[in-house]
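Me: I would like to go through this structure by question and answer. Please start with the term needed for reading strand partners.

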Amino acid sequence: MEDNYQNRTAFIKGAKDIAKEVKRHASKKVGRTVDRMSDEYSMRSYSRFEEDDDDDYPVQGSQDGGYYRGDSQAANEDEGGSDSTEGHDEDDEIYEGEYQGIPRADSGKGSLAGGPGSVKVDAQQFRDIGASEAERRKDQEELAQQYETILQECGHGKFQWTLYFVLGLALMADGVEIFVVGFVLPSAEKDMCLSEPNKSMLGLIVYFGMMVGAFLWGALADRIGRRQSLLICLSINSVFSFFSSFVQGYSTFLFCRLLSGVGIGGSIPIVFSYYSEFLAQEKRGEHLSWLCMFWMMGGIYASAMAWAIIPHYGWSFQMGSAYQFHSWRVFVLVCAFPCVAAIAALNSMPESPRFYLENGKHDEGWMILKQVHDTNMRAKGYPERVFSVTTIKTVKQIDELVDIGTDTPIWHRYRLKIMSLSQQIRKNIIACFSPEYKRTTFMLMAVWFTMSFSYYGLTVWFPDMIKYIQKQEYESRTKTFTNERVEHVTFNFTLENQVHRQGHYFNDKFLNLKMKYMVFEDSVFEECYFEDVTTTHTFFRNCTFIASLFYNTDLFKYRFVNCKLVNSTFLHNKEGCMLDFSDDFNNAYMIYFVNFLGTLAVLPGNIVSALLMDKIGRLRMLAGSSVISCISCFFLMFGNSESGMIALLCLFGGISIASWNALDVITVELYPSDKRTTAFGFLNALCKLAAVLGISIFQSFVGITKAVPIIFAAGALAAGSFLATKLPETRGQVLQ
C-alpha cells in the first residue's frame, strides 16, 4: 500500500508540474482553459489510482474538479511558488478591473465577461448553433433594457452636447461634399476644357463614391467600431479632397473626387448610429433630428465659401503654362476644413459603449458609461453623485477562431484577417434579409429609393430649369449679322452674344479681345491677326482662314467645326481654358445664391421635425411630410420664371426635410446594434444609386417638358408615403 501511495503521489506531482509548465507559457486568454484541463487530468489520474486502492485519503476540492486548485495552493506554499512565477488559479486571480474600480460583469466566469476572445474547451463549445444564437438574442434583449436604464441614470447633458457638435462636423462635411462639384463645375469645365459627357461624369462621380463608401464603412462600423470607422472614412475624405485641389488633369481630379466620396460616404450611417447609442429613449428622436441641421449647415457653408472665393479670379497663380491654381481650387481646399475639424475633435471622444457591450467588452463599456455619468453630473452641479451601476450585461460571443502560426508571413496573416472580416460582414448583410428583418428591410429599401429618386432628381432639375430659362432669355437678345464685309479694322473690345453669317474679314486685327457666346458661320478670314484672344462658348463653323496668324490665344481645335485653315499659323497657344466670371449667364447669383436659399429653406422643416418627432411619432412625420411634398410637386407646373422656380425650390426643400429626418431616426431604431450601421449603410448606398438614376432621368427632360419629371417625382413620393405607413412605429421603444 505504501508503494502504491508513493507511486500515486509521484504521478500526481508530475501531472501538476506539467500543468504548471503549460500555464506559465500559455497566453492569458487560454489560461483558464488550461486550468480546467489540468484539473480534469489530475482528477482522472487520481481516480485511476483510487480504483486500485480501497483506502480513502482526505482530498481538498469540490465537485467540479476543485482537487487541483486545492492541492496546487498547498504545493505553491510548500515550494515557495507565486502567481507571478508559477501561474495562478482562476479563483485566486486578481480581477484586473479592480485596480480601476470596475465591477465584474454579471455574466459569470469564463463565459460572457471574457469577451470575444474567451475560449471554452468543454461541452458548451459543441452546442447547437441555433441554441447559441437564441442565447445571444436573449442577452441582447436583456442588455437593451438594462442599457436604457443606465442611460436614464447618466442623464442628458454636457457629454451628449459635446458629442453632438463633434458628430455634427462630420455630418457637415457630408453636406459640403454634395455641393462641391456642382459649385466648381462651371469653373473647372473651362479650366480643364471639359466636354459635356465629362461634365456629366464629374457631376455624378461623387454619388458613386458615396454609394460605395456608405456600404463599406457602414458594414465595417459594426465590426471594428463606430469611432474607428468614422475616423478612417473622414481621413480618406480629407486626404483626397486636399489632393483634388492641386491635381491638374481631368482624370486625376475625377479619381480624387471619387475616393473623397468613398470616404465621406460612411459618415451618415455611422454618425446617426453612433449618436443614437448615447441617447435615452425620450431624447432620441428629437436630438437625432437636431443633428440633421448640420447637413444644412454644410450646404450653407459651401454656398457662402463658393460665393466668397470662386469669383475672385485674382486669387490664383501659375507656374509656366503647365501648372495653374485658380480660385476654384482654393474653394475645394477650404471645403475640407469641416472634415479636418471633425477628425481633430473626434480623437477626444470615446467609442460607443453599446458597441463594446455587444462585443463582450464589459470593462470598456462600463468605463465610458461612467465617464458619461460623471461628466453630466459635474456639469449639472452634482459631482458627489456616484455611478450606481455595478454590473452590465454583455452579449454572448460566438467565436470564430483562426489558427495562425507564429511562423506565418505577415502578408498571409493580414490576408486571413481580411478574409475573416469580409466573411463577418457578409453574414451581417445576409442577416438583414433574414426572416426576422426581411420585411422591414424591403419596406425601407422602397421608401429610401422613392424619396431619394424624387428629392435628388428635383433638386438638381430645379437649377437646370433655371439655367434653361436664363438661356432662353439670353438667346432672345442675340444679335445676328449677315453678309458683312470688314477690312482693316482693329477689334480690342468685347464681342458678346452675336451670330455672324457669310461675312468676309480682310486684314483685321483681333487684339486683347474677349469673345463670349460668339458664333461665326460660313465666313472667310483673310490675312487676319489674332493676339491674346480669350473665348467663352465661341465657335467657328464652316469658316475658311487664309494666311492668318494666331498668337497666344485659347482658340483650340474644337473651336473650329468643319473649318479650312490655309497657310495659317498658331504660336504659343494657351494651355487650358481661361476663366471669365463677368458672364451673366453663369453668374454667381444663379449658381451660389439659389443653392444658399435652397439649403436655408430647410431650417423651418428641421425645427418642426425636431420638436414634433417624439410627440407625433416617426411614421406620421415620415408619411405626412411625404404626402405634402408630393402635393407641392404639382405647383412646379406654374413655375415659368426664375423667381418662381426659386420659391418652389425653397418650398419643396423645407417640406421634404422632415421626412428625411424621420427616415433617419426610424432606420436607426429598427435594427439591433450589431447590424445597425450595416443596414443603414446599405440603405444609404441604395439612396445614392437612386439619386444617380433620378438626376440622369430628370436632366434628360430639361428644355423638353416639365410634366414628365413632375409626374415621376410625385408618383415616387406617393408610393413612398404609402409604404411608410406599413413600417412599425418605434417611438417609445428601447434601442435594440
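Reply: Two strands are taken to pair if DSSP finds at least two bridges between them. The model shown here is predicted. In it, strand β3 (residues 479-482) and strand β6 (residues 494-501) pair in the parallel sense, and the bridges between them number four.

Me: Which residue of β6 is the bridge partner of K479?
Reply: K479 has its partner in β6, the strand made of residues 494-501. Across that pairing, the bridge partner of K479 is Q498.

Me: How many bridges join β6 to strand β9?
Reply: Strand β9 covers residues 514-521 and runs parallel to β6. One of the residue pairs is E496 with K516 in β9. The number of bridges that join β6 to β9 is seven.

Me: In what order do the strands of the open sheet with edge strands β4 and β17 lie?
Reply: The sheet has five strands and parallel pairing. Its edges are β4 (485-487) and β17 (564-566), each of which pairs on one side only. Neighbouring strands are turned against each other by 5° on average, direction ignored. From one edge to the other, the order is β4-β7-β10-β14-β17.

Me: Which residue in β7 is the bridge partner of E487?
Reply: β4 runs parallel to strand β7 (residues 504-506), and three bridges join them. E487 belongs to the edge strand β4 (485-487). Its bridge partner in β7 is F506.

Me: Which strands are at the edges of the open sheet β5-β8-β11-β15-β18?
Reply: This open sheet is formed by five strands, with parallel pairing. An edge strand here pairs on one side only. That description fits β5 (490-491) and β18 (569-571).

Me: Which residue in β8 stands opposite T490?
Reply: β5 pairs with strand β8 (residues 509-511) in the parallel sense, over two bridges. Opposite T490, on the β8 side, stands K509.

Me: Are α22 and α23 roughly parallel or roughly antiparallel?
Reply: Helix α22 (residues 618-633) packs on helix α23 (residues 642-669) at an angle of about 150°, with the axes 8 Å apart. Angles over 145 degrees count as roughly antiparallel. The two helices α22 and α23 are therefore roughly antiparallel.

Me: How do the residues of the contact of α22 with α23 divide by class?
Reply: α22 passes α23 in a left-handed crossing. On the α22 side the contact includes L619, M621, L622 and I628, and on the α23 side L651, F652, I655 and I666 are among the residues met. R618 in α22 and E669 in α23 also belong to this contact. The residues divide into 13 nonpolar, six polar and two charged.

Me: What is the relation of α21 to α23, roughly parallel or oblique?
Reply: Helix α21 (residues 602-616) and α23 cross at roughly 40°, and their axes come within 7 Å. Angles under 35 degrees would count as roughly parallel. The helices α21 and α23 are therefore oblique.

Me: How many charged residues does the contact of α21 with α23 have?
Reply: The crossing of α21 over α23 is right-handed. V602, G605, N606, S609 and M613 in α21 meet residues of α23 that include G653, G654, I657 and N661. By class there are six nonpolar and six polar residues, and the number of charged ones is none.

Me: How is α12 oriented to α13, roughly parallel or roughly antiparallel?
Reply: Helix α12 (residues 281-291) and helix α13 (residues 293-309) have axes 4 Å apart, at an angle of about 5°. In the contact, S289, W290 and L291 of α12 meet M293, F294 and W295 of α13. These residues divide into five nonpolar, one polar and no charged. The angle of about 5° makes the two helices roughly parallel.

Me: Over which residues is the pLDDT below 50, with 106 contacts in the model beyond near neighbours in sequence?
Reply: The protein averages a pLDDT of 76, and 75% of the residues score at least 70. Residues 579-586 stay under 50, with 26 contacts beyond four places in sequence. Where pLDDT is low, the predicted coordinates should not be read in detail. The stretch with 106 contacts covers residues 25-100.

Technical notes
Residues are numbered from 1 along each chain as its sequence is written. This is a predicted model: local features need pLDDT of at least 70, side-chain atom pairs count only at pLDDT 80 or more; totals for chains, interfaces and linings use all residues. Side-chain values use heavy atoms; hydrogens and water are left out. Axes are lines fitted to C-alpha atoms, for helices over the stretch in contact, and angles run from 0 to 180 degrees between N-to-C directions. Angles under 35 degrees count as roughly parallel, over 145 as roughly antiparallel, 65 to 115 as roughly perpendicular and the rest as oblique. A crossing is left-handed if the near helix is turned anticlockwise from the far one by less than a right angle, and right-handed if clockwise. Contact means heavy atoms within 4.5 Å. Ala, Val, Leu, Ile, Met, Phe, Trp, Tyr, Cys and Pro count as nonpolar, Asp, Glu, Lys and Arg as charged, and the others, Gly among them, as polar. pLDDT is the predictor's confidence in each residue, from 0 to 100.
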